[in-house]
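Please work through the exercises below with the sequence and the structure at hand. Attempt each task before reading its solution.

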Amino acid sequence: MPISKEYIIKRLILLIAVVFGVAIITFIITRVVPSHPEFLWAGAHPTKEQLEKARRELRLDQPIYVQLYYYLLDFLTGNWGVSWRTRQPVLKDIQAALPATLELVSLAFIIALIIGIPLGILAALKRNTRIDDLIRIVTITGASIPVFWLALVLQLILSSWLGILPSAKRVDEYIIYETKFKEITGFILLDSLIQGNLQVFMNALKHIILPALVISFYPLGLSARMTRAVMIDVLNEFHTKSLAAWGLPKRVIIYKYALKNTIAPVIGVLGLSFGYTIIGAFLVEVIFVWPGIGYYAASALISYDYPAVIGCIVTAAIIYAIINTIVDILHAIIDPRVRI
Amino acid sequence: MFLEDIRVTFKLIKSSLTSMIGFIIVLGFLLIGIIAPYILPYPEDAWGVSYNIEKSFLPPSIEHPFGTDEMGRDVFSRVILGARFSLIIAVGVVGLALIIGVPIGLIAGYVGGKIGEALMRITDMFLAFPPLLLAIALAATLGRGLLNTVIALAISWWTWYARLVYIQVNSVKTLPYVDAARVIGLSSLTIMFRHILPNALTPVVVQAPLDMGSAILEAAGLSFLGLGVNPPTPEWGLLVTEGWASINRAWWISFFPGLAILVTVLGFNLLADAIREASDPRLRRILLVERRV
């Protein structure tokens, strides 16, 4: 049965409402909470002219609803201010940094799925054994570990002490020049594959693997635990029990019938973990000098580049809202009960 | 009923090794957090008011179990005192979030109608932000400092409690005893705070202390971005960040504070996991039956 159009439209309207809400709250935080917003927007050590200019740009001499109107207008037309550090429009900077972050987070989720699901199945089959305990501990540790500290420690051991993996950046610059690599989508792994440039691909893979592993730790534990819980429930249901009674081998029951039932809840829980994971990615980017949004935001924070900081926060919130929408729609496609 | 809950929970804690470990860690953290200033081997180092350059970058030894930092300060003392600041932040964030969230959930649930709807939509707007992101925005606006950190985190936190209370109030307010209270002419305020609130608080009372682990973790994240407390306050996240610059020379400066965060948050989460299982009705029944036999 195809998924109903009304559900998708309803979900998209909700998405617009959420983005609107994000804009309103950001307005309150940036314009209403601080007593002198122009100081935040004029950069570090502003001159009198800069302050005057910021005050004019923010329309601080006008009533608050006029400010809100122009704020929303700017927000919608992509006029998110100019970064004090790079002297570029904030939106342009963010567009340049976005692919690096998305590539990193996508790989982290892929790792979480391809390790987490089999691990969860294993735990369900070997219930109440050591493996089961281990997965419980991995899951809880993943939610308890300061991700930037884990990144620091692993970087120290694997890069500085053992020298196995590179410690920073997405790819070694000299290989880019030597092999005449061209950016197409901004995803280096994808672009190098399209161009058949294996040298760049391997180099980029070596760079991305450690940060991606660090970020995947949290969603990996979650997906393993969710798979385990659903698997145990499914294996106890009558329809799987009757399959066993018919004499189907356990392997077939698990992989052909039971696994299908675990996919919807696992996607659901990964969707829920996305917000936490992307924040983790931001912090990890700072450690690995990964040129994504997190690194951009952290550099902006250090140099009091307020428009850039707020731009990054709004971007992350919008990505979060979009991912939630996609997950909900996917959920509805896989699990018909949600559509109601 | 409430006593029974506690008894079952303790039974569950005793029955599993991991939750026992969690319980001990949390207890230890609370204890150290309270007595920290009185047990410091090097109090001046801990508060960050002294420095002896000749003692800088000493590796872990018997005198300095966690080594010394670039100012020659004892890292162990700083980590111990850090427990106090983490405890203050955790209690502050959860407490302030409760003060904001519980009344909003209560009013939204009891009054209902358009006001309740509006309050819950506002709550939803806050939930549109990924965790920590709103706190980053607020902290960037308010500036550094212990109080600002607590405020920034609490404002991104209260929505969870508002929702929990809202759901609970909705199921309690239709019970006959509330109708009875209304019939004998008690005022809305009395009914709300004296009769509904106590019965709607249980899930929040269980949840809130366990959230302290997450509050510590998020505060550390803020400090790492340069938004948390001011140096030289020995907050654990800040200690990790301070040691970052010299990590290749002296790994211990960053390592031990981070380990302290991991162990403490792990303790809270292990305990939370046990209590979540305790609220699973199937498991409860088994335990209760066992006790009666």
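The exercises that follow concern a predicted model.

**Exercise 1. A general description of chain A**

Task: State how many helices and strands chain A has, and describe its extent and its contacts.

Solution.
- Step 1: Chain A contains 14 helices and 0 strands.
- Step 2: Along the principal axes, the C-alpha atoms of chain A occupy a box of roughly 80 × 55 × 40 Å.
- Step 3: Chain A has 340 residues, and 38% of them count as buried.
- Step 4: Consider the contacts in chain A between residues at least 6 apart in sequence; 71% of these join residues at least 24 apart.

**Exercise 2. The span of a helix**

Task: Determine what span is expected for helix 4 (residues 75-111) of chain B, and compare it with the distance between its end C-alpha atoms.

Solution.
- Step 1: The helix has 37 residues, and a rise of 1.5 Å a residue is assumed.
- Step 2: The expected span is 1.5 Å times one less than the number of residues, which gives 54 Å for helix 4 of chain B.
- Step 3: The end C-alpha atoms are 53 Å apart, which agrees with the expected value.
- Step 4: Helix 4 of chain B nevertheless has a bend of about 25° at B:Leu98.
- Step 5: Just after this helix comes B:Gly112, with a positive phi of about 65°.

**Exercise 3. The largest nonpolar core**

Task: Identify which residues touch the most other members of the largest nonpolar core, and which helix gives the most to it.

Solution.
- Step 1: The core has 172 residues, and B:Ile136 and B:Tyr161 touch the most other members.
- Step 2: Helix 4 of chain B gives the most to this core, with 18 residues.
- Step 3: Among the residues that B:Tyr161 touches are B:Ala97, B:Leu98, B:Gly101, B:Val102 and B:Gly105. B:Leu98 is also the place where helix 4 of chain B bends.

**Exercise 4. A proline and the contact between chains**

Task: Decide whether B:Pro130 is buried or exposed, and describe the contact between chain B and chain A.

Solution.
- Step 1: B:Pro130 lies in the loop between helix 5 (113-127) and helix 6 (133-142) of chain B.
- Step 2: A residue is buried if 20 or more other C-beta atoms lie within 10 Å of its own. B:Pro130 has 24 and is therefore buried.
- Step 3: The residues of chain A that B:Pro130 touches include A:Gly275, A:Tyr276, A:Ile278 and A:Tyr320.
- Step 4: The contact as a whole takes 38 residues from chain B and 40 residues from chain A.
- Step 5: On the side of chain B that touches chain A, helix 14 of chain B gives the most, with 10 residues. The residues of this side divide into 27 nonpolar, 10 polar and 1 charged.

**Exercise 5. Uncommon backbone geometry**

Task: Locate the cis peptide bond at B:Pro232, and find where A:Arg87 and A:Val289, with their positive phi values, lie.

Solution.
- Step 1: Most residues other than glycine have a negative phi, and most peptide bonds are trans.
- Step 2: The cis bond joins B:Pro231 and B:Pro232, with omega about 5°. B:Pro232 is in the loop between helix 12 and helix 13 of chain B.
- Step 3: A:Arg87 has a positive phi near 60° and is found in the loop between helix 4 (64-76) and helix 5 (90-125) of chain A.
- Step 4: A:Val289 has a positive phi of about 45° and is found in the loop between helix 12 (250-287) and helix 13 (293-302) of chain A.
- Step 5: A residue is exposed if 12 or fewer such neighbours lie within 10 Å. A:Arg87 has 8 and therefore counts as exposed; A:Val289, with 11, also counts as exposed.

Definitions and conventions
Residues are numbered from 1 along each chain as its sequence is written. Chains are lettered from A and ligands numbered from 1 in the order in which they are written. This is a predicted model: local features need pLDDT of at least 70, side-chain atom pairs count only at pLDDT 80 or more; totals for chains, interfaces and linings use all residues. Helices (H or I, at least four residues) and strands (E, at least two) are DSSP runs, numbered from the N terminus. The bend at a residue is the angle between axes fitted to the seven residues ending there and the seven starting there. Two residues are in contact if their C-beta atoms, placed from the backbone, lie within 7 Å. Ala, Val, Leu, Ile, Met, Phe, Trp, Tyr, Cys and Pro count as nonpolar, Asp, Glu, Lys and Arg as charged, and the others, Gly among them, as polar. A nonpolar core is a set of buried Ala, Val, Leu, Ile, Met, Phe, Trp, Tyr and Cys residues joined through C-beta atoms within 7 Å. Lists of a residue's contacts leave out its neighbours within four places in sequence.
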